Amino acid sequence: MEIVILIIGIVAFFAWRMKPTKGVNNISTAQLKTMINDKDKVFVDVRTPGEYKARNAKQFKNIPLGSDFSKLPKDKEIVVICQSGMRSKQACKQLKKLGYTKVTNVRGGMSAY
């Protein structure tokens, strides 16, 4: 019985961690390619500076996860990317907590781009 409860708990934990963040738009890399030159959007890459230097899209500004995001404009949509989509999801949560309303996460990150 204890094993069943443990398994249910583990499954619930992972399901909770994988659910999309409320108020965050998720797009594919194909959708990103159609909007990459939009001047009304701010593109943020939350990977480490080393990852960013190795491969990046010039439209993205490197602001590593854990940095101060509060200096980003609140009147523009913020599009966030990382290597796989996990760190950008965390960054989107942070942006939502800071009061940003137009936040978009790129699923799959640079690996899929």
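## Salt bridges, cores and buried polar residues in a predicted model

With a side-chain nitrogen of Lys or Arg required to lie within 4 Å of a carboxyl oxygen of Asp or Glu, the protein has five salt bridges. The model is a predicted one. Side chains of opposite charge can pair when their charged atoms come close. Three of the pairs are listed here, with the N to O distance and the relative accessible area of each partner.

| Pair | N to O distance | Relative accessible area |
|---|---|---|
| Asp38 and Lys41 | 3.1 Å | Asp38 28%, Lys41 17% |
| Asp45 and Arg47 | 2.8 Å | Asp45 0%, Arg47 1% |
| Asp68 and Lys71 | 3.4 Å | Asp68 46%, Lys71 72% |

Lys41 counts as buried because its relative accessibility is 17%, under the 20% limit. Its partner Asp38 is partly exposed at 28%. Asp38 and Lys41 also belong to a network of salt bridges that includes Glu77. In the pair of Asp45 and Arg47, Asp45 is buried at 0% and Arg47 is buried at 1%. In the pair of Asp68 and Lys71, Asp68 is partly exposed at 46%, whereas Lys71 is exposed at 72%.

### Arg47 and Thr48

Arg47 sits in the loop between E2 and helix H3 (49–54). Besides the salt bridge with Asp45, the side chain of Arg47 reaches the backbone oxygen of Arg55 at 2.5 Å. A further polar contact, of 3.1 Å, links the side chain of Arg47 to that of Gln83. Beyond four places in sequence, the residues that Arg47 touches are Tyr52, Arg55, Asn56, Asn62, Pro64, Cys82, Gln83, Arg87 and Met110.

Thr48 lies in the loop between E2 and H3. At 38% relative accessibility Thr48 is partly exposed, while Arg47 is buried at 1%. Outside the four places on either side in sequence, Thr48 is in contact with Asn62 and Arg87; both of these residues also appear among the contacts of Arg47. The C-alpha atoms of Thr48 and Leu65 are 7.7 Å apart in space, with their positions 17 residues apart in sequence.

### Overall arrangement

The protein has five helices and five strands. Read from the N terminus, the order of the elements is α-β-α-β-α-β-β-α-β-α. The C-alpha trace spans about 55 × 30 × 25 Å along its principal axes. Of the 113 residues in the protein, 35% are buried. The accessible surface comes to about 7,000 Å², and carbon and sulfur atoms account for 61% of it. Among contacts with a separation of 6 or more, 66% join residues 24 or more positions apart.

### Nonpolar cores

The largest nonpolar core has 15 residues, and the ones with the most contacts inside it are Val44, Val46, Phe69, Leu72, Ile78, Val80 and Leu95. Strand E2 (41–45), strand E4 (77–81) and helix H4 (86–97) each give two or more residues to this core. H4 gives the most, with three residues.

Leu95 has contacts with Phe69, Leu72, Ile78, Val80, Tyr100 and Val103, leaving aside its neighbours within four places in sequence. Of these partners, Phe69, Leu72, Ile78 and Val80 are also listed among the residues with the most contacts inside the largest core.

A second core, separate from this one, has twelve residues, including Leu32, Met35, Val79 and Met110. Met110 is also one of the residues that Arg47 touches.

### Thr29

Thr29 belongs to helix H2 (residues 29–35). Thr29 counts as buried because its relative accessibility is 12%. A polar atom of the Thr29 side chain lies 3.4 Å from the backbone oxygen of Ala112. Not counting residues up to four places away in sequence, Thr29 touches Val106, Arg107, Gly109, Ala112 and Tyr113.

### A nonpolar patch at the surface

Ile3, Ile7 and Val11 form a nonpolar patch on the surface, and together they have about 300 Å² of accessible area. Val11 is part of helix H1 (residues 2–18). With a relative accessibility of 54%, Val11 counts as exposed, since the limit for that class is over 50%.

Definitions and conventions
Residues are numbered from 1 along each chain as its sequence is written. This is a predicted model: local features need pLDDT of at least 70, side-chain atom pairs count only at pLDDT 80 or more; totals for chains, interfaces and linings use all residues. Side-chain values use heavy atoms; hydrogens and water are left out. Patches are made of residues with over 30% relative accessible area and no salt bridge: like charges are joined within 9 Å, nonpolar side chains (Val, Leu, Ile, Met, Phe, Trp, Tyr) within 5 Å. Accessible areas come from the Shrake-Rupley method with a 1.4 Å probe; for residues, only the protein chains shown count as cover. Helices (H or I, at least four residues) and strands (E, at least two) are DSSP runs, numbered from the N terminus. Buried means under 20% relative accessible area, exposed over 50%, partly exposed in between (1.4 Å probe, protein chains only). A nonpolar core is a set of buried Ala, Val, Leu, Ile, Met, Phe, Trp, Tyr and Cys residues joined through side-chain atoms within 4.5 Å. Contact means heavy atoms within 4.5 Å. A polar contact is a pair of N or O atoms within 3.5 Å; within protein, one must be able to donate a hydrogen and the other to accept it, and residues adjacent in sequence count only if both atoms are side-chain atoms.
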